[in-house]
There are 2 protein chains.
Amino acid sequence: MKKRILISDIAKDLGISVTTVSFILNDKAKEKRISDGLTKRVLDHVKKVGYKPNQLAKSLRTGKTKILGLLVEDISNPFFSNIAKLIEGKAYASGYHIIYCSMDNDETKSKELIQMFYDRQIDGFIITPSEGLDETITQLQQNNVSLILFDRYLANVETNYVITDNFKGAYDATDHLIGQGFKRVGFVSLYSDQTQMRDRLEGYMKGIDKYKKQAFIKKVQQDAPEEERVREIDEFIEDNRLDAVVFATNYLAIDGLKAVKIYQRKLPAMVAFDDHTLFKLYEPSITVVSQPIAEIADELITALLGQIQGKNKKLKQVVLPCELKVRESSLISAN
Amino acid sequence: MKKRILISDIAKDLGISVTTVSFILNDKAKEKRISDGLTKRVLDHVKKVGYKPNQLAKSLRTGKTKILGLLVEDISNPFFSNIAKLIEGKAYASGYHIIYCSMDNDETKSKELIQMFYDRQIDGFIITPSEGLDETITQLQQNNVSLILFDRYLANVETNYVITDNFKGAYDATDHLIGQGFKRVGFVSLYSDQTQMRDRLEGYMKGIDKYKKQAFIKKVQQDAPEEERVREIDEFIEDNRLDAVVFATNYLAIDGLKAVKIYQRKLPAMVAFDDHTLFKLYEPSITVVSQPIAEIADELITALLGQIQGKNKKLKQVVLPCELKVRESSLISAN
DNA sequence: ATGAAAGCGCTAACAT
DNA sequence: ATGTTAGCGCTTTCAT
């Protein structure tokens with residue numbers, strides 16, 4: 001970490017021009033037919049003196065920053081922080097850095113953040129879009145920005161995305177519960193038109209319809225105070241005498257568990273979406289529809305880097321399977 | 001998001017020089033005694049055409065990137081992801097972006113990551129240092145890099161840091177347990193010489209000594225397979241017939257709960273360090289020593305930005321209080 | 001096969 | 001009070 005060495009220092013040390021050094025450093029030695037001997041000498045010297053090109057200068061010149069933007073709903077939700085950690089690792093391995101933020105499903109904040117990241121000239125975006133972003137995302141695409149969505153997508157904009165089969169996940173959960181013999185199976189979701197929420201609701205409906213059961217659907221306001229959300233969920237379960245509930249997200253399920261604790265209820269049978277440490281250790285352990293985090297991260301980075309490097313021209317729209325992890329909370333014997 | 005506008009376009013549009021525009025844009029209008037009228041005209045025009053300075057060019061020129069590096073132990077640990085979210089918010093509010101990574105308490109990885117971030121010329125570092133980083137951190141300081149540590153510090157390097165009173169937190173936890181009447185109170189920690197671990201152990205010892213009790217101390221290897229850690233913790237509790245345990249981190253406590261589940265044990269009385277959704281909802285709810293996340297984030301950003309802007313010259317070493325949140329798991333009546 | 005030099009967009013010293 | 005211009009460190013065209 002001594003005084004910064006410049007490419008011109010390297011050139012001077014070796015008595016050659018900066019051009020040659022630059023070519024060699026950018027893997028153009030072969031192409032420019034620079035002798036192997038010289039190439040090796042330069043590379044050795046660069047390593048010896050620890051020369052590191054100034055990324056800023058490089059970026060200014062090339063227009064590439066080697067920075068990716070990760071814009072998630074909420075980095076403090078373990079589902080997203082776990083994915084973030086995986087993405088980060090893969091990005092670093094490819095020489096990319098990640099700048100990130102939480103958009104909190106807030107349209108205005110989301111737009112501002114996307115604009116900020118765009119102004120930073122990041123090389124690519126990984127986004128969990130909140131609603132109302134159709135135009136913003138379209139504009140990014142028109143400006144030839146590499147981007148990929150995940151967790152949800154925009155129904156009216158053709159983009160790359162990686163999602164999971166939310167419909168089947170919710171269907172499986174519902175089918176599993178009713179198949180066990182539960183009679184009154186409810187569904188707790190959000191006021192949200194996001195695709196993952198819509199698909200989960202539809203999956204639940206299909207499960208309900210398969211058995212010709214009545215649907216019980218409760219939506220809560222994501223930004224309502226916790227106390228209120230918890231109370232509403234409790235009322236929903238009690239008023240309808242539900243014996244089983246499918247929760248559309250992990251934090252809704254957590255709200256449900258809070259309701260049980262606060263109002264001292266008997267826990268209904270339940271399935272949550274997205275795994276969580278809590279669900280594994282809760283007594284009874286909570287059955288979940290688990291999304292394949294590692295595969296999601298993998299597909300995202302692979303697709304985005306491919307796009308940045310101009311490889312995959314065609315749309316990449318990946319739907320990964322969810323897995324129903326049956327634990328104790330959904331078994332009728334345990335009730 | 002149209003074709004990029006340059007500062008020279010603004011100058012041309014208004015028939016003035018780029019210098020004047022640059023001065024005005026960098027709040028030097030007053031200092032350079034540029035007329036209010038012109039200043040306003042420029043600002044209005046800039047806003048109207050949506051001109052945004054190219055950060056790269058600006059950074060190359062000034063050497064400032066307006067990027068902060070957040071290097072935590074593990075972004076998927078809710079303690080860190082919650083702090084990360086708060087820091088992120090505050091940083092954006094001041095025009096800074098955050099790039100982050102998880103160092104996983106791995107010395108080699110930590111050094112590489114710090115070097116990568118340094119090469120990126122970020123304006124400041126926020127770091128939870130793993131062991132063996134004394135020299136690396138010292139070098140950063142010698143290179144006049146702004147930095148602040150948190151969660152732990154380096155005993156042999158004088159740096160800014162924000163930590164909590166781990167000693168008192170562990171002491172309070174131990175005192176609370178023994179004060180309730182528990183007889184055999186153990187402590188589960190890591191093989192680690194990090195300051196927060198050392199302080200927590202000492203706090204436990206002081207609590208034990210106060211009552212002239214025997215200490216039971218178990219350290220586990222952080223990178224051991226989960227199964228092994230869980231088994232060791234179980235053996236520790238069983239072999240020593242402990243009726244209460246203080247866990248030095250949230251994930252150790254989670255391992256403890258896993259042990260209870262897997263080996264079907266009666267839960268001993270317990271206190272965990274750092275709060276977690278699980279601890280609030282577990283049955284019984286788990287008593288924790290909680291660190292003031294919002295204050296930590298606040299102090300970190302304030303101190304770091306102050307340092308970057310050349311304000312606080314002297315060392316900023318903040319010790320925040322922990323809070324013992326007594327819940328059910330540590331009450332003797334509940335046992 | 002290698003070198004000279006322009007230029008990425010901005011800031012700020014210097015000139016007026 | 002405002003303009004001219006060098007230069008931040010790199011890549012790449014053009015010339016040899």
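1. A polar contact is a pair of N or O atoms within 3.5 Å; within protein, one must be able to donate a hydrogen and the other to accept it, and residues adjacent in sequence count only if both atoms are side-chain atoms. Ile7(A) gives us one with DNA strand D: a polar backbone atom sits 2.7 Å from a phosphate oxygen.

2. Some ground rules. This is a predicted model, where local features need pLDDT of at least 70 and side-chain atom pairs count only at pLDDT 80 or more, while totals for chains, interfaces and linings use all residues. Residues are numbered from 1 along each chain as its sequence is written, chains are lettered from A and ligands numbered from 1 in the order in which they are written, and side-chain values use heavy atoms, with hydrogens and water left out.

3. How many residues surround DNA strand D? There are 27, and Tyr51(A), Arg61(A), Thr19(B), Arg33(B) and Arg61(B) are the closest. (A residue is near a strand if one of its heavy atoms lies within 4 Å of it.) Of the strand's atoms that come within 4 Å of the protein, 63% belong to sugar and phosphate.

4. Two further contacts to look up: a polar side-chain atom of Thr20(B) is 2.9 Å from a phosphate oxygen of DNA strand D, and a backbone N or O atom of Ala57(A) is 3.4 Å from a base nitrogen of that strand.

5. Which helix supplies the largest share of the surface near DNA strand D? It's α4(A), with four residues. (Helices are DSSP runs of H or I, at least four residues, numbered from the N terminus.)

Conventions. Helices (H or I, at least four residues) and strands (E, at least two) are DSSP runs, numbered from the N terminus.
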